[in-house]
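Colleague: I am new to this one. Could you show me how to read it?

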Amino acid sequence: MNRSLERYAILTGIIIFLCSVQFGACLAGPAIALPVALLMSAIATWLWMYFNLPSDHVWLPPLICICAVMLCVTLSEFVFRNDFVEWFSFLPAGIGSGLTLYFLLLNNARCALCNRRLSTQSLTFQCPRCHMRICDEFCWNFEHRRCTLCLEQRVPILSTHEQWWTRVAGPRYLRGRCQICLGSAEKLDLRICPNCRRPQCRDCWDFNNGDCQRCGTSLSDLPTSLTMTVAHNHHANIHNV
Ligand SMILES: [Zn+2]
Ligand SMILES: [Zn+2]
Ligand SMILES: [Zn+2]
Ligand SMILES: [Zn+2]
C-alpha cells in the first residue's frame, strides 16, 4: 500500500473513532460530552503524532479535532435533542488537542547528531556549517564553533568563488608560506590578512572561521551564520525551544 495513502487511511480511522465516541457522549448530555471531548481530542492528537501523520502546520490537529467534535454536536443537537451547553464542546476539544501537541513537541526536540533529547533547559546550537540543531554537551565544539561532525569532515563554509576572495582579501599571494599549515605559495592559494598582511591559505581561512590566526582579524562579508556570536545562539535557542 502506498505510504501516503496508508497515512490518510489511519487519519480517517482516527477521525471516525473520535466521532463515534463523541457522538455517543453527546447523546448522554453535556456532563459527559465535554470531558469526553477533552479526552478524545487528546487521544486523537497523540495517535496523530504517533503515526507521524501530516503535521507541517501545528494548528492542523486541533482544528480537525474541533471540527470533528462540533460535527458530532451538530448532528446530535438537530437529530435528537437540544442542549445549549454542548455547543461549547469546541473548548475542551481545542484545549485537549493543543496541550497534547504542546507536550509532544516539547519532548520531540532532539540533537541532530547524538539524538539526545533536548529539554527546555539545555543549551542548543545551530551549527553555522550544516545548520543542524546540536546539543552543547557532546556534539558542539566550542573552540572551533561548529558541530563535531563538521569538524571531523572538514565541512567548508566560505565561498569558493575567486571574485569573493579577491574582494575580501585581495588577489592570490605568490610568495611565502601559509602561517598555519606552512604550505607553500606554489601549492596553495594563499591570501594575505587585510590587517597584519600575513599569508594564510584558503583552507586555513575556512577552518579558522574566516579569522586570521595571528591578529584575529575577520574577513569582511562572512556568511551570516558564521558571524552570529555564540552568546546570541544561547539566547535565541533558549527562547526558541
Ligand atoms: Zn548531541
Ligand atoms: Zn555542523
Ligand atoms: Zn594553510
Ligand atoms: Zn592578521
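Modeller: We will take one helix, then a pair of helices. Keep in mind that this is a predicted model.

Colleague: Where is Thr12 found?

Modeller: Thr12 belongs to helix α1, residues 3–27.

Colleague: Is Thr12 buried or exposed?

Modeller: Count C-beta neighbours inside 10 Å; 12 or fewer means exposed. Thr12 has 10 of them, so Thr12 counts as exposed.

Colleague: Which residues of α1 are buried?

Modeller: They are Ile14, Leu18, Gln22, Phe23, Ala25 and Cys26. These buried residues pack against α2 (30–50) and α3 (60–79).

Colleague: How far does α1 reach from its first C-alpha to its last?

Modeller: Compare the span with 1.5 Å a residue. The 25 residues of α1 reach 37 Å, close to the expected 36 Å.

Colleague: What comes just after α1?

Modeller: Look at Gly29, which takes a positive phi of about 105° there.

Colleague: At what angle do α2 and α3 pack?

Modeller: The angle is about 135°, and the axes are 10 Å apart. Angles over 145 degrees count as roughly antiparallel, and 65 to 115 as roughly perpendicular. The pair fits neither range, so α2 and α3 are oblique to each other. Their crossing is right-handed.

Colleague: Which residues meet there, in α2 and in α3?

Modeller: From α2 come Ala37, Ser41, Ala44, Thr45 and Trp48. They meet Pro61, Cys65 and Val69 in α3. Sort the residues of this contact by type: six are nonpolar, two are polar and none is charged.

Definitions and conventions:
Residues numbered from 1 in each chain as written. Chains lettered and ligands numbered in written order. Predicted model: local features only at pLDDT ≥ 70, side-chain atom pairs only at ≥ 80, totals over all residues. Helix = DSSP H or I, 4+ residues; strand = E, 2+ residues; numbered from the N terminus. Buried ≥ 20, exposed ≤ 12 C-beta atoms within 10 Å, placed from the backbone. Expected span 1.5 Å × (residues − 1). Contact = placed C-beta atoms within 7 Å. Axes fitted to C-alpha atoms, helices over the stretch in contact; angles between N-to-C directions. Parallel < 35°, antiparallel > 145°, perpendicular 65-115°, else oblique. Left-handed = near helix turned anticlockwise from the far one by under 90°. Nonpolar A, V, L, I, M, F, W, Y, C, P; charged D, E, K, R; others polar.
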